[in-house]
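Please open the model in your viewer and keep the sequence panel beside it, since this tour moves from one selection to the next and says what is found at each stop.

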Amino acid sequence: METDSVNYKRKTNIRWLFNMAWRDSRKNRSRLFLFISAIVFGIAALVAIYSFKYNVQNDVNGQAATLIGADLAISGTKPVDGSLKHLIDSLGDERSQERSFASMAYFPKSKGTRLVQIRALRGNFPYYGSIETTPVQAGTAFKKGKMAVVDKTLMLQFNAQVGDSIKVGNTLFLITGILNRAPGQSGAVAGIAPVVYIPMQYLAETGLLKIGSRVSYSFYYKYNKSVNMDRLTKKIDPILDKAGMRYETIESRKESTGRNFGDLSKFLSLVGFVALLLGCVGVASAVHIYVREKIASIAIMRCLGVKASEAFLIYLIQIVGIGLIGSVTGAVLGTAIQHLLPLLFKDFIPFTISVQISWMAIGQGILLGVIISILFALLPLISVRNVSPLNTLRLSFEEVGLSRDPLRWLVYALIGLFIICFTFLQLNSWLGSLFFTLGILIAFLILAVVAWLLTRIMKLLINGSWSYLWRQGFANLYRPNNQTLILMVSIGLSTMFICILFFIQSILIGQVSLSTSGNQSNMILFDIQNSQKDAVASLTRKQGLPVLQQVPIVTLRIEQIRGKTAADLQKDSTIKIQHGVFAYEYRVTFRDSLSESEKITDGTWVGKAESGKDVPVSVEENLAKRANLKVGDKIVFNVQGVQMPAYVSSIRKVNWGKVQTNFQVVFPTGVLEDAPQFQVLLTHVPSNKVSAAFQQAIVRNFPNVSIIDLGLVLSVLNELLSKISYVIRFMSAFSIITGIVVLVASVRISKYQRIQESVLLRTLGASRKQILAITALEYFFLGSLSALTGILIAIGGSWLLAKYSFELPYTVSLLPAMVLFLTISILTVIIGLLNSRGVLNKPPLEILRTNA
Amino acid sequence: METILNISDLSKTYQSAGRMLTVLNNINFAVTTGSTNAIVGPSGSGKTTLLGLCAGLDRSSSGSVELNGINLGNLTEDQRAQVRNQHVGFIFQNFQLLPTLTALENVMVPLELRNEKNIRSRALDLLDKVGLADRGHHYPSQLSGGEQQRVSLARAFSNAPKILFADEPTGNLDAETSEKVVKLIFDLNKEAGTTLILVTHDLELAAKTQRIIRIKGGQLIADEKTING
C-alpha cells in the first residue's frame with residue numbers, strides 16, 4: 001500500500017491565486033464595484049483635504065515673508081522708552097512703525113459710523129508683499145498726505161467710494177483706496193475688525209490716543225544683508241519679554257500659520273474620515289453577503305484540494321484589488337475636488353492658495369483606502385477559512401460561524417487601533433482620539449442595538465391579525481439576509497452628523513441672539529474719559545436710551561504673587577504660575593458689591609478698603625487657577641507705575657456669557673478712585689435706526705469714545721459661523737453621499753436576496769401594487785427609524801457638547817430636524833422602490849432566467 | 001487484492017435541538033482497488049454522510065477511515081484537502097461546477113493546484129473524451145444539465161484519482177442523459193482503473209457496480225456482490 005504519496009506541504013502558487021481571484025470575480029464585478037463605491041467619497045474627501053493641506057504648506061513656505069511683511073516684527077501694548085527704545089531703534093537696516101487700536105470711524109457722506117481698527121503707519125512697510133488696494137498705488141500713496149485706505153467691507157457697508165472722506169477722531173481723511181487685504185490678514189478677521197490705514201504723522205491730530213486707550217505698538221524691520229535671526233532673537237527675547245513685548249520672524253510666522261491651518265485641516269480630515277468609516281461599514285456588510293453567496297464555490301474549491309488559507313487569499317486579493325480601484329477613483333475625485341477648496345477657504349487664509357496635484361496626498365489616500373477596506377472586509381472574510389467542503393453534499397445551508405472565530409477579536413482590535421492611531425495623527429492627542437473613537441463607537445453601538453431591538457420587537461409584534469402586506473413588509477426587517485443593521489447604521493450616522501452640525505450652529509447663534517434680546521444691553525461705549533463720564537450718560541438719556549451700567553476701568557499689571565516676580569518665574573520652573581499672568585495688562589474695576597453675573601466660590605467679598613492696609617481684591621476663578629492663587633495670597637499690582645500691595649479676599653465665578661462688563665480682578669471702593677481711568681457705558685438700543693443716530697451723536701460729540709454694536713457683532717458672527725458651517729457641511733456632504741451610496745448598495749444587495757421571493761409572490765398572483773407596498777413599508781420603517789435614532793443621538797451629543805464643551809444653555813429648534821427626518825425617510829423609500837423596479841416591470845420568468 | 005478504502009467502527013453523531021443524533025453507527029467495510037461499489041439506502045439513511053466521511057470531507061465521531069493507507073482522522077482539514085487533490089475525484093448530484101469559471105477552467109483547476117504541466121491541452125483532451133471539446137469556453141450556466149455533469153466528470157478524472165466518489169450522479173438528469181453519463185462514468189473508470197464508490201437510491205444504477213452496500217437508519221444492513229462482482 002502506498003502511504004507516502006501525498007505531498008502535504010504543497011507550495012501555494014501565488015500566480016494561480018491571482019488567476020482564480022480574477023476568474024471568481026467574473027459576473028460579480030459590477031456588484032463588487034458597488035460595494036467599493038462606498039469608500040470612494042471618503043477617500044475623495046481625505047485626498048482633497050490632504051492635497052489642499054500640502055498646497056497650503058507650500059504656499060505658507062513660499063509666501064511667509066509677505067504674511068509678516070518684514071524680516072522681523074516686534075509688538076507690544078506699551079509705548080517704548082529708555083533703553084528699550086534704544087534697542088528698538090538700533091535694529092534693522094530699514095524700519096517702520098505702526099500703532100493700531102480700535103476706534104469709531106465716521107463716514108460723513110452716508111453719516112455712517114462703525115468701530116474699526118485704525119492702523120497708523122510710518123515707513124515703507126510692508127517690505128515683502130504689499131498692502132493690497134484698489135487702485136494698486138493707494139497702498140503706498142496714502143502715507144504722503146492726509147489720506148486713508150479703507151477696508152472693502154466697510155466701503156461696501158457705507159456705500160463709500162474712493163475720493164470720499166472718512167473721519168477718524170477729530171480728523172478728516174481722504175479715502176484714496178480700497179483695502180483688499182492687509183498683510184497677513186484673512187477675510188474672516190477683516191469682517192470682525194475692518195482696517196483703516198492712516199499715515200502716522202496725523203495720528204496725534206486725531207486726538208484719539210488718550211489715557212486708557214488700548215494701543216498696540218508694532219515695529220517692522222528689514223535687513224538688507226542676511227542676518228542670523230535665531231541668534232538675534234535669542235539676544236533680544238529676554239529684553240522684550242521683560243517689557244511684555246513679543247517678536248515674530250518669517251520663520252516663526254511660517255510655523256504659526258502652518259499650525260493654525262493645520263488644526264483646521266486636521267478637523268476636516270476627521271470629518272472626511274467619518275465618511276470613510278461609514279463607507280467601510282457598507283463594505284463590511286457587502287462583503288459579508290458576498291462571502292455567504294460564495295460558500296458553494298468555496299466548498300467546491302475545498303473539495304478539489306484548495307487550502308483554507310488559499311481560499312481566504314483568493315477573496316482577499318479580490319478585496320485588495322477592488323479596494324485599490326475604489327481608492328484610486330476616490331483619489332482622482334479628491335484631486336478634482338481640491339480645486340473647489342480654495343474658494344471655500346478663501347475667507348480663512350491670509351494668502352493666495354495655489355492648486356497643484358499632490359502625489360503625497362494621493363499616495364496617502366490610496367494607502368488609507370486599501371488598508372481600511374481590507375480591515376473592514378476582514379471581519380466577514382476570515383469566515384472563508386471555516387467553509388467546510390461538506391457544503392457540496394449538503395443542500396441545506398451551513399452557517400459559517402464567524403461568531404466562534406477567535407480571530408475576529410484580533411480584527412476588532414486592529415480596527416480599533418487603526419481608528420485611534422489615525423485620529424491621533426490628526427489630533428495629536430491620545431485623549432482626543434480616544435474620545436473620538438469612543439464617540440463613534442457609541443453611536444455605532446446605539447444604532448446597532450436599536451436595529452437589533454427592532455428585529456426582536458417585530459418578531460414579537462407581528463401576528464396573524466395583521467394584513468398580509470404589513471406582515472410581509474415588517475417581516476422583511478428580521479428575516480434572513482435582511483439589511484436592517486447596515487441601513488440603520490449608515491442612515492442613522494449620516495442623519496446624526498447633519499443634525500449635530502445644525503444643532504451646534506443654532507446653539508451658538510441662539511446664545512448670541514439671546515444675549516442681545518429684550519432689554520439686555522446690546523451696545524457698549526468704551527474709552528470714555530473720566531471728564532466725559534457725565535456728559536456721555538446725559539447724551540445717552542437724551543436720546544431716550546437707558547444707562548444700564550456705567551463702570552470705571554483702570555489698567556494695571558501684576559508685579560508680584562506671593563513675593564515672586566516674572567524674573568523669578570524664569571529662573572525657577574517649579575513656581576506654578578503661568579507665564580502670561582505677569583505679562584498681561586489687566587482692566588479692572590472697583591465697586592462695593594457683586595454684580596448679578598458673579599458668585600463667590602471661596603473667601604469673603606469685601607466692598608470697601610480700609611486705608612493703610614493691604615487692599616482686599618476678588619479674583620475670577622480662571623485667573624486664580626492660572627496664577628495658582630488662593631484666598632489670603634499676597635499680590636502686588638502695578639497701577640501705571642504705582643505699586644499697590646493687595647491680597648486675595650475672595651474668588652469669584654463669573655458668567656462670561658452675559659453681555660455686560662465682567663472683570664478678572666475687582667477692587668473694593670476707596671482705593672482706585674483717583675487712579676488714571678476711563679469709563680464704560682452699557683445701553684440698549686431698540687433698532688438699527690436708533691443705533692445709527694445714537695452712534696453719530698456720540699462720534700460727533702466724543703470722537704475718542706468707541707462703540708461696540710452687538711447687533712453688528714451678531715451679524716458678523718452669524719456670517720462667520722455660516723462660512724465655517726458651510727465648510728463643515730461641504731465636508732460632511734461626503735458622509736451624506738457615502739450614506740446614500742451605502743443605502744443604494746445595501747438596497748441593491750437586498751434586491752438580489754429578495755428577487756426570488758418577489759418573483760415567487762408575483763408567480764403566485766401578487767399584484768405590482770402589493771409588492772410595491774411591501775417594499776415601501778419596509779424601507780419607510782427602516783428610513784424613519786434610522787433617521788429618528790440619528791436625530792436622537794444628535795440631540796444627546798449636541799446637549800453634551802453644549803453643556804460641557806461650550807458651557808451654554810441647550811436650546812434647539814426641532815422643526816428643521818423634523819424636515820430632515822421626513823426627507824431621509826422619503827429618500828430611503830424612493831431609493832428602495834427605484835431599486836425594486838426591475839422585479840416589478842418584467843415578467844417573473846425573465847427575471848428567474850437572468851438570475852439563475 | 002489491495003485495499004484502497006478501509007472503514008472501521010465508523011460512527012457519526014450530531015447535536016440537534018439539544019440532543020445527540022446518531023447518523024452512522026459502527027460501520028465496517030473495505031474496498032479493493034479498482035472495484036466498483038454502490039452505497040444504497042433510503043433518504044436519510046446516512047449514505048451521503050458516509051460518502052462525506054469516506055472522501056475526507058468531514059470528520060467521524062469515532063472509528064477510522066483509511067484511504068490509500070492514510071488514516072484521515074489524523075489529518076488536518078488542509079492535509080485532507082491535499083489527499084483529495086491528489087487521490088480523490090468527485091461527481092455530485094448538482095454538478096458543483098464553479099459558476100464563474102468556463103468549462104475548460106473548471107477542468108483545469110485540480111491540475112493547476114498540483115502545478116502540473118500542459119494543463120490546458122490535458123484538460124482539452126478530457127473535455128474531448130466527454131464529448132465537449134467545442135464547449136470549453138462556455139460557462140456552466142450556458143450548458144445543459146447533462147453537459148454540466150460531463151464537465152464535472154472530466155474534472156473528476158483530471159487528476160487521475162485513485163478513487164472516485166459519485167453522489168447521486170444522475171439525480172438531476174433525465175433518463176436519456178442519465179444513461180449516457182452512467183456509461184461515461186463506467187467507461188472512464190475502467191480506462192483509468194479507478195475505484196468507484198457510488199451513492200444512489202437507484203437500484204438499477206447500483207446493479208451496474210460489482211458490490212452493493214446497503215445502509216438503513218445509519219447502520220450497514222447488507223454488503224453483497226452483484227452479478228458483475
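## Unusual backbone in chain A

Begin by selecting A:Pro126, which is found in the loop between strand E3 (112-122) and strand E4 (132-134) of chain A. The model is a predicted one, and in it the peptide bond joining A:Phe125 and A:Pro126 is cis, with omega at about -5°. Continue along the chain to A:Pro135, which lies in the loop between E4 and helix H4 (138-141) of chain A. Here too there is a cis peptide bond, joining A:Thr134 and A:Pro135, with an omega of about -5°. Such bonds are worth a stop because most peptide bonds are trans.

Now go back to A:Lys111, in the loop between strand E2 (94-107) and E3 of chain A. What sign does the phi of A:Lys111 have? The angle is positive, about 60°, although A:Lys111 is not a glycine. With a relative accessible area of 45%, A:Lys111 is partly exposed, because that value falls between the 20% limit for buried and the 50% limit for exposed.

## Two helices of chain A

Select next A:Leu438, A:Leu441, A:Ile442, A:Leu445 and A:Ile446, which together make a nonpolar surface patch of about 440 Å². To place the patch, colour helix H15 (residues 430-461) of chain A, where A:Leu445 is found. A:Leu445 has a relative accessible area of 49% and is therefore classed as partly exposed, which satisfies the requirement of over 30% for patch membership.

From there, move to A:Arg768, which is located in helix H24 (residues 768-806) of chain A and counts as partly exposed at 44% relative accessibility. If you draw a distance between the C-alpha atoms of A:Arg768 and A:Thr484, you should find 24 Å in space, for a pair that is 284 residues apart in sequence.

## The open sheet of chain B

Turn to chain B and show its open sheet of four strands, which has the order E2-E1-E4-E5 with antiparallel pairing. Which strands stand at the edges of this sheet? They are strand E2 (19-32) and strand E5 (70-71) of chain B, and because each has a single partner strand, one side of each is left without a neighbour in the sheet. Within the sheet, select strand E1 (residues 3-16) and strand E4 (residues 62-67) of chain B, which run antiparallel and are joined by five bridges. A convenient pair of residues to label is B:Leu5 and B:Leu67 of E4(B), which stand opposite each other.

Step from there to B:Asn68, in the loop between E4 and E5 of chain B. B:Asn68 has a positive phi of about 50° although it is not a glycine. Is B:Asn68 buried or exposed? At 6% relative accessibility B:Asn68 counts as buried, because the limit for that class is under 20%.

## A covered strand and its partners

Select strand E3 (residues 36-40) of chain B, which is mostly covered, five of its five residues being buried. Rotate the view to inspect both faces of E3(B): B:Thr36, B:Ala38 and B:Val40 lie on one side, B:Asn37 and B:Ile39 on the other, and all of these are buried.

Add strand E8 (residues 195-200) of chain B, which pairs with E3(B) in the parallel sense over five bridges, with B:Ala38 standing opposite B:Leu198 in E8(B). Then add strand E9 (residues 211-216) of chain B, which runs parallel to E3(B) and is joined to it by four bridges; in this pairing B:Val40 stands opposite B:Arg214 in E9(B).

Follow E9(B) onward to strand E10 (residues 219-225) of chain B, with which it pairs in the antiparallel sense over six bridges. B:Arg214 stands opposite B:Ala222 in E10(B). At the turn of this hairpin, which has two residues between the strands, select B:Gly217, which takes a positive phi near 55°.

## Last stop: a negative patch

Finally, select B:Asp174, B:Glu176, B:Glu179, B:Asp202 and B:Glu204, which form a negative surface patch. B:Glu179 has its place in helix H6 (residues 175-192) of chain B, and with a relative accessible area of 58% B:Glu179 is exposed.

Methods. Residues are numbered from 1 along each chain as its sequence is written. Chains are lettered from A and ligands numbered from 1 in the order in which they are written. This is a predicted model: local features need pLDDT of at least 70, side-chain atom pairs count only at pLDDT 80 or more; totals for chains, interfaces and linings use all residues. Side-chain values use heavy atoms; hydrogens and water are left out. Patches are made of residues with over 30% relative accessible area and no salt bridge: like charges are joined within 9 Å, nonpolar side chains (Val, Leu, Ile, Met, Phe, Trp, Tyr) within 5 Å. Accessible areas come from the Shrake-Rupley method with a 1.4 Å probe; for residues, only the protein chains shown count as cover. A salt bridge is a side-chain nitrogen of Lys or Arg within 4 Å of a carboxyl oxygen of Asp or Glu. Buried means under 20% relative accessible area, exposed over 50%, partly exposed in between (1.4 Å probe, protein chains only). Lys and Arg count as positive and Asp and Glu as negative; His and the chain ends are not counted. The place of a charge is taken as NZ of Lys, CZ of Arg, CG of Asp or CD of Glu. Two strands pair if DSSP finds at least two bridges between them.
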